[in-house]
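This note is intended for a colleague who is meeting the structure for the first time. The points below may be read alongside the sequence and the model.

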Amino acid sequence: MSIFIGVDIGTTHVKVLAVTNEAELLAEEKQSYAIDQPQDGYCEQDAQELFNAFLYTFKKVLQNIDVSQLQAVCFSTAYHSIMAVDNEGRPLTKLITWADTRSVAYAKQLQHTALGKIIFQHTGTPLHPMSPLCKIAWLRDKLPELFSQAHKFISFKEYLWYQLFGVYCVDYSVASASGLFNIQQLIWEEEALRFCGIHAEQLSRPVSPLHTATGLRQHYRETWNLLKDVTFVIGAGDGALANLGAGAITPGVAALTIGTSGAIRRVSNQPVLDEQGRLFTYLLTDHLYVQGGAMNNGGIALQWFVQNFLTQQETEEESIDLFFQSVQKVPAGSDGLVFLPYLLGERAPVWDAEAKAVFIGIKSSHTRQHFMRAVIEGICFAMRQLLQLLETAGTVETIYATGGFTRSPVWLQMLADILHKKIVLSSTADASAMGAVFMAMHAKGVIRKWQDVHRLLTCEKAYEPRAAESGLYETNIRVFGHLYEKLKDDFVLLSRQEKNA
């Protein structure tokens with residue numbers, strides 16, 4: 001028996017899976033960590049805290065398997081993080097995450113310009129403050145002394161790899177979401193580097209997601225009791241690996257993830273760029289591209305409602321499952337109540353960090369359950385917008401669902417009804433971590449073609465769209481579809497008021 005480990009280091013937690021070469025789960029561990037928001041628009045993490053969480057969970061998994069059978073370890077990490085380090089590899093900044101919007105002015109500076117269009121066409125990364133491209137430009141202007149001291153600008157993937165192997169490498173997948181990487185030439189994009197004021201030597205060496213290393217630092221080899229050279233695979237970004245882990249890698253199939261945020265993605269063997277810059281195009285491997293749309297407001301919108309509109313006693317005593325049961329008492333369409341879920345601004349399709357959340361259609365007959373259902377429907381309506389954009393490149397027939405929301409059958413059925421698509425829930429423990437496992441298997445030759453992952457996956461349940469229920473959403477969907485365009489100028493006014501307060 002051979003053992004493979006997938007490590008997924010996301011925005012809120014790290015998850016480690018150990019499986020056999022037949023994808024049988026042997027051990028898993030998970031640990032959460034903090035997100036710091038020291039001021040409005042900032043969203044940071046301590047890279048060492050994330051690394052320590054990885055060390056803890058990884059060691060716990062190793063203690064529950066036969067380490068002598070371990071063949072390979074592969075990494076999945078969240079996209080868009082960036083930090084500056086000195087020439088000793090010590091952090092000069094916190095890890096700035098995808099949700100950080102402090103560089104909004106730099107994104108707006110590029111949007112709708114000839115330079116911005118060139119950068120998007122070459123990199124596939126929409127122009128938004130999530131992008132490390134904009135964050136580095138912000139550091140250059142706002143923290144010039146620190147900027148001048150920076151030896152490298154790196155993501156968490158690079159920090160992790162440097163800690164383990166003492167070299168700076170970044171996989172094509174994570175690099176492709178930076179706004180700094182030419183996804184067709186597989187090199188750092190000169191126009192982007194010039195915009196943010198750095199040179200290629202200040203970034204890591206780009207390598208294939210299947211790039212391997214065996215020279216683990218002795219301290220970790222001894223700590224983990226690794227008696228042989230285990231292969232470490234650098235891996236890819238969590239979104240792209242979620243497609244692989246769910247098996248959504250063939251034509252007509254997409255993967256949909258709702259965790260803290262949300263995304264829908266499809267895989268192709270060539271880059272497909274949206275002319276208006278609304279969708280991203282990242283790399284999964286050297287020759288496979290993932291096109292899709294990511295939204296800021298997934299499960300975090302539900303969490304916001306629960307934390308702010310339920311009592312502490314209800315939060316402790318009433319599970320989300322029970323609350324979803326009460327939501328079912330409200331008819332589809334929430335009796336005309338519509339929620340625009342832009343609590344954290346929004347990425348696709350509007351790419352506006354100043355966008356706001358809105359309830360519209362409120363009546364005296366609406367109860368708390370109506371608002372709760374409207375929140376969930378709003379997240380689903382936003383996902384439908386992204387799906388419609390994705391389908392301009394070809395029809396999607398089946399969607400594989402991943403992420404924390406898959407624990408709710410009610411939510412899955414609502415999504416099937418609103419998207420008018422079959423939603424398939426696989427038995428995969430964690431799609432991004434399992435995608436890393438499959439990449440490790442491919443690197444070792446256990447999986448020779450990516451389509452071979454299908455023999456290792458089983459369908460847990462499928463949700464078919466219900467015609468009657470689907471029709472009840474159409475009016476709300478039309479209202480939702482033009483809300484942002486009607487309100488975007490007002491959002492700008494409100495943002496100015498906040499800045500002047």
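1. In this predicted model, helix H14 passes helix H18 in a right-handed crossing. H18 covers residues 474-500, and its axis lies 10 Å from that of H14, at an angle of about 70°. Since angles of 65 to 115 degrees count as roughly perpendicular, H14 is therefore described as roughly perpendicular to H18.

2. The residues that form this contact can be listed for each helix. H14 contributes Glu377, Gly378, Phe381, Ala382, Arg384 and Gln385, while H18 contributes Glu474, Asn476, Ile477, Phe480 and Gly481. Sorted by class, the contact of H14 with H18 holds four nonpolar, four polar and three charged residues.

3. Two further residues of H14 deserve attention, and the first is arginine 373, which lies in this helix. Is arginine 373 buried or exposed? Its relative accessibility is 7%, so arginine 373 counts as buried, the cut-off for that term being under 20% relative accessible area. With residues up to four places away in sequence not counted, arginine 373 touches Val327, Gln328, Val330, Pro331, Ala332, Gly333, Ser334, Met414 and Tyr473.

4. The second is cysteine 380, also found in helix H14. Cysteine 380 is buried, and its relative accessible area is 0%. Which residues does cysteine 380 contact, leaving aside its neighbours within four places in sequence? They are Trp411, Leu415, Ile418 and Leu419. In sequence, cysteine 380 and isoleucine 418 are 38 residues apart, yet their C-alpha atoms are 6.8 Å apart in space.

5. The largest nonpolar core comprises 96 residues, of which Leu256, Ile264, Trp411, Phe438 and Met439 touch the most other members. Helix H14 (residues 368-390) supplies the largest share of this core, namely 14 residues. Isoleucine 264 illustrates the packing: when its neighbours within four places in sequence are set aside, isoleucine 264 is in contact with Ala254, Ala255, Leu256, Gln291, Gly292, Gly293, Met383, Leu386, Leu387, Leu390 and Ile399. There is also a second, separate core of 44 residues, with Ile3, Ile5, Phe58 and Tyr168 among them.

6. A second helix pair consists of H1 (residues 47-62) and H6 (residues 156-165), whose axes come within 11 Å and cross at roughly 60°. H1 and H6 are therefore oblique to each other. The crossing of H1 past H6 is right-handed. On the H1 side the contact involves Ala47, Gln48, Leu50, Phe51 and Phe54, and on the H6 side Phe156, Tyr159, Leu160, Gln163 and Leu164. By class, this contact of H1 with H6 has eight nonpolar residues, two polar ones and no charged ones.

7. Finally, why is helix H4 (residues 132-142) described as largely enclosed by the rest of the structure? The reason is that eight of its eleven residues are buried. The buried residues of H4 are Pro132, Leu133, Cys134, Lys135, Ile136, Ala137, Trp138 and Leu139. Their cover includes helix H2 (104-110), helix H3 (114-123), helix H5 (144-149) and helix H8 (190-196), together with strand E7 (95-96) and strand E8 (152-154).

Methods
Residues numbered from 1 in each chain as written. Predicted model: local features only at pLDDT ≥ 70, side-chain atom pairs only at ≥ 80, totals over all residues. Heavy atoms only, no water. Axes fitted to C-alpha atoms, helices over the stretch in contact; angles between N-to-C directions. Helix = DSSP H or I, 4+ residues; strand = E, 2+ residues; numbered from the N terminus. Parallel < 35°, antiparallel > 145°, perpendicular 65-115°, else oblique. Left-handed = near helix turned anticlockwise from the far one by under 90°. Contact = heavy atoms within 4.5 Å. Nonpolar A, V, L, I, M, F, W, Y, C, P; charged D, E, K, R; others polar. Core = buried A, V, L, I, M, F, W, Y, C linked by side-chain atoms within 4.5 Å. Buried < 20%, exposed > 50% of the residue type's maximum accessible area, 1.4 Å probe, protein only.
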